[in-house]
Amino acid sequence: MAKVKCLKCKECGREYPIEPIHVCEYCFGPLEIEYDYEYIKQNISREKIEKGEKSLWRYIDLLPVDNPTVGLTAGYTPLKKANNLGKLLGLNNLYIKDDSVNHPTLSFKDRVVAVALSKAKEFGFDTAACASTGNLANSVSANAAASGMDCYVFIPANLETNKIIGSLVFNPTVVAVDGNYDDVNRLSSEIANEFGWAFVNINVRPFYSEGSKTLAFEVAEQLGWRAPNSVVAPLASGSLYTKIWKGFNELKTVGLIEDNPPKMYGAQAEGCSPIYKAFKEGRDWIIPEKPNTIAKSIAIGNPADGPYAVKVAKESNGLIDIATDDEIIEGMKLLAKTEGIFTETAGGTTIAVLKKLAERGVFDPDEVVVAYITGNGYKTMEVLEGKLKKPIHIKPSLKEFKEKVINQAVEKR
Ligand SMILES: *Cc1c(COP(=O)(O)O)cnc(C)c1O
Ligand SMILES: [Zn+2]
């Protein structure tokens, strides 16, 4: 693979061959793919990409896979100009990158799983696994089923019903662990050491996380090969956020865009905000915490990429902010009623933070702002129970319709 040189430790710089490994033997730092950008620059062009697959695989030259076999339909999601929400927030160029309609399981995790399991197949694995806050389990389950892999997914036992059903339907082994995500992750690491499985976010994590870069690539292409001025994205482990940054930087390095990469604004839920706190207190280390928020998909108390996310926020002149559970629900409702997009709690967190930043005057009214919507609201319906207007019940009679619906509406005006 001429485009990929090796795996490299993010802390001490030691190099490793391309294998299903994720930590440095010497310093326990995380390993990351090291590319040959000179080689890639010679082989990549806007025209070649534009003629490519209508999926994230059109960017294969910047992904650590030779032969994609899993997740062939992932990515290529809409970038919607959000005029209604933009008007409300005083932003003339607001866009929503809508991964709530990603294929096949309606979250951005379909990107990372496509890359991780395609690579796992190249390595010769026949069993897929993951530690998940819900969406990852859905995507690993679906993609493993479609590609004939055995599948084990590990989740916290208290997940949303639809996220559990959304895995079970694909017939994997679902292991519901008494504990939070960080407990699940610790157990999964032990299992990964003992069983020869491809844990997408553990032993093949360096490949998995590269999939998130396609969120930057697609946005740049959809804007006509431009970088936005600012982006807002949610943080769980911090991987997605740091890889969006890496993606825009790579486009510049290989000459596909001329703009500087965007300011990176990050969103966490108040009830699980270890990266926000590190950023605010000027720490480059994370103090783990016990999550307590409705935003379960981003509730990681001990985020693996937390320190790197803090660095990206600083380096890009962005920042990280938080939203309360009530603000998260308001964010979900706001995006739905202005743009017709139903996102889950993670998206509610992003919109709540976007709104806060806009009201604080962080953005120039004309700058291009992209908010990343990473998951689908149909999976987290229960948080909206009791938070929406009720249907108006009537008998099948025109008289009752006029009395109870039309007259009431007139009265309210
Ligand atoms: C997993 C997830 C994220 C963030 O994931 P990282 O661990 O930070 O890469 C964001 N939104 C949704 C909906 C997710 O499922
Ligand atoms: Zn190291």
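**View 1. The whole protein and its surface.** About 17900 Å² of the protein is exposed, and carbon and sulfur atoms supply 50% of that; accessible areas come from the Shrake-Rupley method with a 1.4 Å probe, and for residues only the protein chains shown count as cover. This is a predicted model, where local features need pLDDT of at least 70 and side-chain atom pairs count only at pLDDT 80 or more, while totals for chains, interfaces and linings use all residues. Residues are numbered from 1 along each chain as its sequence is written, chains are lettered from A and ligands numbered from 1 in the order in which they are written, and side-chain values use heavy atoms, with hydrogens and water left out.

You'll find 15 helices and 13 strands here; helices (H or I, at least four residues) and strands (E, at least two) are DSSP runs, numbered from the N terminus. The C-alpha trace spans about 75 × 45 × 45 Å along its principal axes. Of the 413 residues, 56% are buried, where buried means under 20% relative accessible area, exposed means over 50%, and partly exposed is in between (1.4 Å probe, protein chains only). Among contacts with a separation of 6 or more, 70% come from residues 24 or more positions apart; a contact means heavy atoms within 4.5 Å.

**View 2. Helix α14, mostly under cover.** This helix takes in residues 345-359. From first C-alpha to last, its 15 residues reach 21 Å, close to the 21 Å expected at 1.5 Å a residue; the expected span is 1.5 Å times one less than the number of residues. Of those 15 residues, 12 are buried, including T345, G348, I351 and L357. Just past the helix comes G361, with a positive phi near 80°.

**View 3. Zooming in on A346.** A346 belongs to helix α14 and counts as buried because its relative accessibility is 1%. Leaving aside neighbours within four places in sequence, A346 touches P234, S297, I298 and T374. I373 sits 27 residues away from A346 in sequence, with 7.7 Å between their C-alpha atoms.

**View 4. V254, in a loop but buried.** V254 is found in the loop between α10 (239-253) and β11 (263-269). With a relative accessible area of 4%, V254 is buried. Its contacts, apart from neighbours within four places in sequence, are Y37, I40, K41, I44 and L62. V254 and I44 are 210 residues apart along the chain, yet their C-alpha atoms are separated by 7.8 Å.

**View 5. Helix α9 and what follows.** In α9 (residues 214-222), eight of the nine residues are buried, among them L215, F217, E218 and V219. Right after the helix, G224 has a positive phi of about 80°. W225 has a positive phi too, near 60°, and is a residue other than glycine. W225 lies in the loop between α9 and β10 (230-234), and is buried at a relative accessible area of 6%.

**View 6. A cis peptide bond in a loop.** H103 and P104 are joined by a cis peptide bond, with omega about 10°. P104 is in the loop between β5 (93-98) and α4 (109-123). L106 is placed in the loop between β5 and α4 as well. Phi of L106 is positive, near 65°, in a residue other than glycine. L106 is partly exposed, at 33% relative accessible area.
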